[in-house]
Amino acid sequence: MSNPKTLTFDRHEANASPEHIKKSLEGAKHGSYWLDHAQRPEATAALESNTEAELLVIGGGYTGLWTALQAKERDPQRDVVLIESHRIGWAASGRNGGFCEASLVHGEANGANHLPKENELLGQLGAQNLDEFQATVERYNMDVDFTRAGVLEVATEPHQVSWVAESAESDGIEFLDGVAVKKLINSPDFLAGALDRESTALVHPAKLVWELARVCRELGVRIYEHTRAAELKDTGSHVQVLTDTGRITAERIALATNVFPSMLKRHHARVIPVYDYALMTEPLTEEQQRALGWAEPVGLADLNNRFHYARPTIDSQGKTRILYGGYDAVYHFGGRIRSSYDSSPATFEKLAAHFFGSFPQLKDVKFSHAWGGAIDTCSRFFPFFDLTHGGKVAYCAGFTGLGVGATRFGAKVMLDLLSGAKTELTELEMVRTKPLPFPPEPAAYVGVQLMTNQLIKADHNEGKRPVFLKVMDKIGMGFDS
């Protein structure tokens, strides 16, 4: 009889065949499946001279593009420029799982812990934001593979069954017992599930960023790729940004650089890069699809602190593939961001072992892509904001892996801040407060490793949080899944 504290995924790793795992990964490209697409547009030219703008947006991911798009919707005549140091959507916006969630605060429990008085309102604003997100996709006929079938949270350990049952007590969430959950997605690991059909949509992440850029251009936004913002200067009436080849003078600036070091040095300690990894399968055969089920395009997540996320997607040939990611969250000493960190063979092997353990009927499947990327993580797990330079520069970052939907909201807040007016959003405690900064090295690295080990300990103790985690929760630095 197995040790009751040995987790399902521990057993999958122990039982995996190294030869099988190696074979399943041997042909995988080490790069994002989403970006490896024939529809990826050619890069626009870099800015090679001086220019002016009413609004300059720095950063060509979701946050920056949503800022530019909504700025033009508010005022079609506004002159908006967006610059990106590399390619549009090349970082987190082109590498994530495509889960577009209503939550703005990384889940109900995390919001209640940090903003108890405001949590209900933020839930309403998050639902409104997802509805507006969907309306924007439909209004501009955006080809982003948008589906709003929901997300299934599954219990993979006996003690988690009561958790999903409790979740299902909320309106709009359905409890699935062991039989029902396996009928939806067939896995021996799934003991029960909570199906929420309203709070989550799925998108093709890279198509979303490319379509946002298309709409921005059609609305008149000037976009320059391969244009790095090197220095920010306040001239009094305006703000200037120096690039490698020119100067941009703007009335207002929105900083949307997320995981990359902010041009506002005072926020460097508030965001650390944590690396997440994912696999994409090759197309499933019809027989494999029947054995798996998953006929509905719902997202999937388990309830461990080191959780997995998974989802189906339809490729350009009309074939179903499965994305499978999560579990390891890796922080490198010094908070460094390096392309070499985008690949982690040990994590890929671990994820493959978990995948085959959960879906033994797919044992012959191979993986076409294996990749990783940095998540802009802050200590409260949801975004924070700032307004500087006499109200001329706004900043937003810290989405912590939940930015596909929340970046639209963050962009909306930045535009409200830059307007100079008091609005419902600018008065939110969420907007007025900041997360605690991370300590300098080596304390940051030691602290993250200690936090990770304590979360693992909690997973092996039926989710009961050790004293250390309870203390961190109380002071506002509680990490969660």
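**View 1. R197 and E296 meet side chain to side chain in a salt bridge, with 2.8 Å from N to O.** A salt bridge here is a side-chain nitrogen of Lys or Arg within 4 Å of a carboxyl oxygen of Asp or Glu. The pair ties together distant parts of the chain, 99 residues apart. R197 sits in the loop between strand 6 (192-196) and strand 7 (200-202), while E296 sits in the loop between helix 9 (286-292) and strand 13 (299-302). Helices (H or I, at least four residues) and strands (E, at least two) are DSSP runs, numbered from the N terminus. R197 counts as partly exposed because its relative accessibility is 32%, and E296 gets that label at 31%. The cut-offs are under 20% relative accessible area for buried, over 50% for exposed, and partly exposed in between (1.4 Å probe, protein chains only).

A quick word on what you're looking at: this is a predicted model, where local features need pLDDT of at least 70 and side-chain atom pairs count only at pLDDT 80 or more, while totals for chains, interfaces and linings use all residues. Residues are numbered from 1 along each chain as its sequence is written, and side-chain values use heavy atoms, with hydrogens and water left out.

**View 2. R465 pairs with D473 through a salt bridge of 2.9 Å, N to O.** Side chains of opposite charge can pair when their charged atoms come close. R465 is partly exposed, since its relative accessibility is 22%; D473, at 18%, counts as buried. Elsewhere, salt bridges with shared partners join R87, R217 and E225 into one network. Within that network, the closest N and O atoms of E225 and R217 are 3.8 Å apart. E225 is buried because just 3% of its relative area is accessible, whereas R217 is partly exposed at 34%. The total for the model comes to 24 salt bridges.

**View 3. H226 has a positive phi, near 50°, in a residue other than glycine.** You'll find H226 in the loop between strand 8 (222-224) and strand 9. With a relative accessible area of 44%, H226 is partly exposed.

**View 4. G236 and K392 have C-alpha atoms separated by 9.6 Å, although they are 156 residues apart along the chain.** G236 belongs to the loop between strand 9 (229-234) and strand 10 (239-243). Its relative accessible area is 49%, so G236 counts as partly exposed.

**View 5. The largest cavity holds about 80 Å³ of space.** On a 1 Å grid over the protein atoms alone, a cavity is a set of points where a 1.4 Å probe fits but cannot get out, and lining residues have an atom within 4 Å of a point. Grid points are joined across faces, edges and corners, and a volume is the space filled by probe spheres set on the points. There are three cavities of 30 Å³ or more. This one has 13 lining residues, with F190, L300, D302, H308 and Y324 nearest its centre. Strand 13 and strand 14 (308-314) are the elements that give two or more residues to the lining. By type, the lining splits into nine nonpolar, three polar and one charged. Ala, Val, Leu, Ile, Met, Phe, Trp, Tyr, Cys and Pro count as nonpolar, Asp, Glu, Lys and Arg as charged, and the others, Gly among them, as polar.

**View 6. The second largest pocket has a volume of about 280 Å³.** A pocket is an open set of grid points with protein on both sides within 12 Å along at least five of seven lines. Its lining takes in 20 residues, and H268, V271, I272, P273 and G335 lie nearest the centre. Of the lining residues, 14 are nonpolar, five polar and one charged.

**View 7. L436, V467, V471 and I475 make a nonpolar surface patch of about 340 Å².** Such a patch joins nonpolar side chains (Val, Leu, Ile, Met, Phe, Trp, Tyr) within 5 Å, from residues with over 30% relative accessible area and no salt bridge. Accessible areas come from the Shrake-Rupley method with a 1.4 Å probe. V467 lies in helix 14 (residues 467-475) and counts as exposed because its relative accessibility is 62%.

**View 8. E441 and P442 are joined by a cis peptide bond, with omega about 5°.** P442 lies in the loop between helix 12 (429-432) and helix 13 (443-459). In the loop between helix 13 and helix 14 sits E462, whose phi is positive, near 55°. E462 is partly exposed, given its 47% relative accessibility.

Technical notes:
Patch = residues over 30% accessible without salt bridge, like charges linked within 9 Å, V, L, I, M, F, W, Y side chains within 5 Å.
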